[in-house]
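This report goes through selected elements of a two-chain model, one chain at a time, and then turns to the contact between the chains. The structure is shown first.

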Amino acid sequence: MLELRNIDKYYNLGTINEMCLFKNFNLKVEKGEFIAVIGSNGSGKTSMLNMICGSVQPDAGSIYINGKDITKVKEYKRYETIGRVYQDPSMGTCPSMTILENMSLADNKGKSFNLRFGTNRKRINAYKELLSQLNLGLEDKLHVKVGSLSGGQRQALALLMSTMTPLDFLILDEHTAALDPKTADINMMLTQRFVREKGLTAIMVTHNLRYAVEYGDRLIMMHQGKAIMDLKGEEKQKVGIDHILDKFNEISIEVGNDL
Amino acid sequence: MGSLITGVLEQGMIYAIMSLGVYITYRILDFPDLTVDGSFPLGAAVTAVLIMKGVNPYATLFIATLAGAISGVATGVIHVKFKVRDLLSSIIVMTALYSINLRIAGKANLPLFGEETIFKNSVMDGIFQGGIKPYKTMIIILVVALVGKLLLDAYLITRSGYLLRAVGDNETIVTSLAKDSGKVKIVGLAIANGLVALSGCVMCQQQRFFDISMGTGTMVIGLASVIIGTNIFKNVSKIKATTSVVIGAILYKGCVAAAIELGMSATDMKLITSTLFLIILIATMDRKKKVK
C-alpha cells in the first residue's frame with residue numbers, strides 16, 4: 001500500500017552542520033494497518049510523515065502508494081487521498097469560518113471549487129449527524145466561528161473533517177499532544193473509532209507511550225532515522241508499557257537525554 | 001453644505017469599491033498588497049484612453065476591471081511562482097505599473113472634457129431630470145458600488161470563495177483539501193485589483209481626467225477604510241464585513257473633507273490622509289497584529 005524505499009535524507013547538506021537523518025530507510029505499510037510511531041525528538045518521525053505527504057523531499061530513494069511512485073508528485077496533489085491531523089489544533093480548521101462552513105469545505109474535498117454555493121443546504125442534516133458523533137454538542141453550534149471553540153473541540157472537528165471524504169491514508173501527527181489528558185483521551189477514542197469504522201490505513205506519531213501500546217495494530221519505535229523496534233500482531237498485543245519505556249530510556253541515555 | 005455632502009458620498013463610494021479590493025488582500029488573504037497604488041491609476045488610464053477613442057463608457061467598467069485583474073495576477077505569479085516575498089512582489093508590480101500607465105495614457109495628464117462618460121450621456125441625462133439632477137452622479141456611483149459589493153458577497157459564499165477565505169485563514173488546510181494554495185492567492189489578488197481598477201475607472205470619469213499621480217496613497221485610503229469600517233461594526237454580527245468597509249470608506253472621506261473644511265489646504269491632502277490613518281491605527285490598536 002505505502003512503501004518507502006531506500007530513503008536518504010540529509011539536513012544542511014554540504015555545511016559543517018550536515019546531519020544525516022535517514023540512510024537507506026525502508027518502511028512498508030499494509031492496507032488497513034493502524035501504526036503507532038514513537039521515538040525521541042529528532043528521531044525522524046515527523047520528517048517521515050512530511051516525506052510521505054510531500055512537504056519534505058527525500059535526497060534519495062522513492063515513495064510508493066499502491067505501487068505508484070509518488071516521489072515527484074506535488075504536496076497538494078498527494079492530499080487527494082491523504083488526510084492529516086496536526087499537533088496544533090488550529091492547523092486543521094479555519095478559525096474565522098463557522099463550523100458549517102468548515103464542514104462544507106471538508107465535504108467538498110476532491111470536488112471542483114467552482115462558483116456553486118459553498119454550503120449545500122441538503123447536506124446540513126448529514127453534517128449535524130456527523131458532528132453529533134463527537135458528543136461535544138457542536139451540532140447545535142453550526143453558525144459559531146471555529147476560532148471560538150476550545151483546542152479539544154477544534155481537534156475533534158479537524159479529525160472529523162479530515163476523514164469525511166474517502167482516503168487512502170490518515171496521518172496523525174502528535175494530534176493529541178496539545179490537549180489536556182481528558183480531551184486527549186476523547187480524541188484518541190474518536191480516532192480509533194473513525195479508523196476502524198472507515199477501515200482506514202493510519203500512521204500515528206505520538207509521544208504518549210500508553211496510546212502507542214493500547215491503540216493500533218503495529219508499533220514502531222524510531223531512533224536516529226531507524227526503526228529500532230517494529231512489533232506487529234501478537235507481539236504487539238503482548239508487549240507492555242514497561243518494556244517500551246525501558247527501551248525508550250536506553251536510547252535516551254545513548255543520546256544524552258537521561259536525567 | 002449640501003454639495004459638500006454629495007461630494008463626500010460620491011468620492012467615498014468610489015473609494016469604497018477600491019476598499020473592497022483592499023479588504024480582500026488585507027483582511028481575507030493577509031497579503032500586504034501595494035499593487036493597488038498602481039492598479040487604481042491603471043483603471044483610470046485605460047478608461048481615459050478608451051473614452052478618448054470613443055469606446056462606450058460602460059464598456060470601460062469591464063475593461064478596466066480586467067486590466068486591474070491582470071496586474072493582480074502579475075503580483076500573484078511573482079509571489080507564488082518565483083517565491084518573492086509578498087510585499088516585495090507587490091512593490092515590483094506597482095513600480096512597473098507607473099511606467100505602464102504612462103505608456104497607456106501617452107502622457108501624465110489626460111483630461112476628458114467633451115467626451116461621454118457613464119455619468120454624462122444622452123440616456124442618463126434623459127433619466128435624471130428636474131429635482132434628482134444634482135444627485136445623478138451620486139446615484140450612478142451608488143449603483144456601481146452596490147453591484148460590486150453584492151457580487152463580492154455572492155462570490156464569498158461560493159465554493160471558490162470559501163477556499164479564498166480559507167487560504168488567508170490557514171494555508172495548510174487548503175493544501176490538505178488537495179488544492180494549490182498559490183492558485184487561490186492569485187485568484188484573490190486578481191479579484192482585489194480588479195475592484196481597485198474599477199474604482200479608478202469610475203474616479204477618472206467622475207473627476208473627468210486621468211492623472212499619473214492619482215494612485216499615490218490609494219493603499220492607505222483603502223486600509224484606513226477597511227480598519228475604520230470593520231472596527232466600528234466589530235461587535236455587530238448582523239452587518240456584513242463588506243458593508244462595514246463601504247461605510248468605513250465614506251466615513252474616512254468625510255474626515256478628510258472635514259479637515260480641509262477646517263482650513264487645511266488641498267495640497268495637504270496626502271498629509272491628512274496618512275495622519276488620519278495613523279490616528280485610526282493607534283485608536284483601534286490594529287497595528288499590533290501586523291508588527292512582527
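## A:Glu235 and helix α8 of chain A

A:Glu235 is part of helix α8 of chain A, which covers residues 233-238. The model is a predicted one. A residue with 12 or fewer C-beta neighbours within 10 Å is classed as exposed, and A:Glu235 has 12 inside 10 Å, so it counts as exposed. In sequence, A:Glu235 and A:Leu219 are 16 residues apart; in space their C-alpha atoms are 9.5 Å apart.

## The six-stranded sheet of chain A

Chain A contains an open sheet of 6 strands in the order β6-β7-β8-β3-β9-β10, and the pairing is mixed. The edges are taken by β6 (82-85) and β10 (226-232) of chain A; each has a single partner strand, so one side of each has no neighbour in the sheet. On average, and with direction ignored, neighbouring strands of this sheet are turned by 15 degrees against each other.

From the β6 edge inward, β6(A) pairs with β7(A) in the parallel sense over 4 bridges, and A:Arg84 stands opposite A:Ile171 of β7(A). Strand β7(A), residues 169-173, also runs parallel to β8(A), residues 201-205, and 5 bridges join the two. Here A:Asp173 has A:Val205 in β8(A) as its bridge partner.

## Helices on the sheet and cover of the edge strand

Helix α1 of chain A (residues 45-53) lies across β3 (34-39), β6, β7, β8 and β9 (218-223) of chain A, and runs at about 145 degrees to β7(A). Helix α5 of chain A (residues 151-162) also packs on the sheet, where it touches β6 and β7 of chain A. The direction of α5(A) makes about 175 degrees with that of β6(A).

Is β6(A) covered on one face or on both? Both faces are covered: A:Ile82 and A:Arg84 are buried on one side, and A:Gly83 and A:Val85 are buried on the other.

## Strand β1 of chain A and its partners

Strand β1 of chain A (residues 2-11) runs antiparallel to β2 of chain A (residues 19-29), and 7 bridges join them. β1(A) also pairs with β4 of chain A (residues 60-65), again in the antiparallel sense, over 5 bridges. A:Leu4 takes part in both pairings: A:Leu4 stands opposite A:Leu27 in β2(A), and its bridge partner in β4(A) is A:Ile63.

## Helix α3 of chain A

Helix α3 of chain A spans residues 99-107, and 8 of its 9 residues are buried, so the helix is largely enclosed by the rest of the structure. The buried residues are A:Ile99, A:Leu100, A:Glu101, A:Asn102, A:Met103, A:Ser104, A:Leu105 and A:Ala106. They pack against α4 (124-132) and α5 of chain A, together with α7 of chain B.

## The side of chain B that touches chain A

In the contact between the chains, 19 residues of chain B meet 27 residues of chain A. On the chain B side, α7 (159-169) and α8 (171-176) each supply at least two residues. The most comes from α7(B), with 8 residues. By class, the chain B side divides into 7 nonpolar, 7 polar and 5 charged residues.

## Helices α2 and α3 of chain B

The axes of α2(B) (residues 36-52) and α3(B) (residues 57-80) come within 9 Å and cross at roughly 145 degrees. The crossing is right-handed. Among the residues that make the contact are B:Gly38, B:Leu42, B:Val46 and B:Leu50 of α2(B), and B:Pro57, B:Ala64, B:Gly68 and B:Ser71 of α3(B). The residues of this contact divide into 8 nonpolar, 8 polar and no charged.

## Helix α11 of chain B

Helix α11 of chain B (residues 241-261) has 21 residues and reaches 30 Å from its first C-alpha to its last, close to the 30 Å expected at 1.5 Å a residue. Its buried residues include B:Thr242, B:Val246, B:Gly248, B:Tyr252, B:Lys253 and B:Val256. The cover over the buried residues of α11(B) includes α1 (2-28), α6 (136-156), α10 (218-232) and α12 (269-284) of chain B. Just after α11(B), B:Gly263 has a positive phi of about 115 degrees.

Key:
Residues numbered from 1 in each chain as written. Chains lettered and ligands numbered in written order. Predicted model: local features only at pLDDT ≥ 70, side-chain atom pairs only at ≥ 80, totals over all residues. Expected span 1.5 Å × (residues − 1). Buried ≥ 20, exposed ≤ 12 C-beta atoms within 10 Å, placed from the backbone. Contact = placed C-beta atoms within 7 Å. Nonpolar A, V, L, I, M, F, W, Y, C, P; charged D, E, K, R; others polar. Pairing = 2+ DSSP bridges. Axes fitted to C-alpha atoms, helices over the stretch in contact; angles between N-to-C directions. Left-handed = near helix turned anticlockwise from the far one by under 90°.
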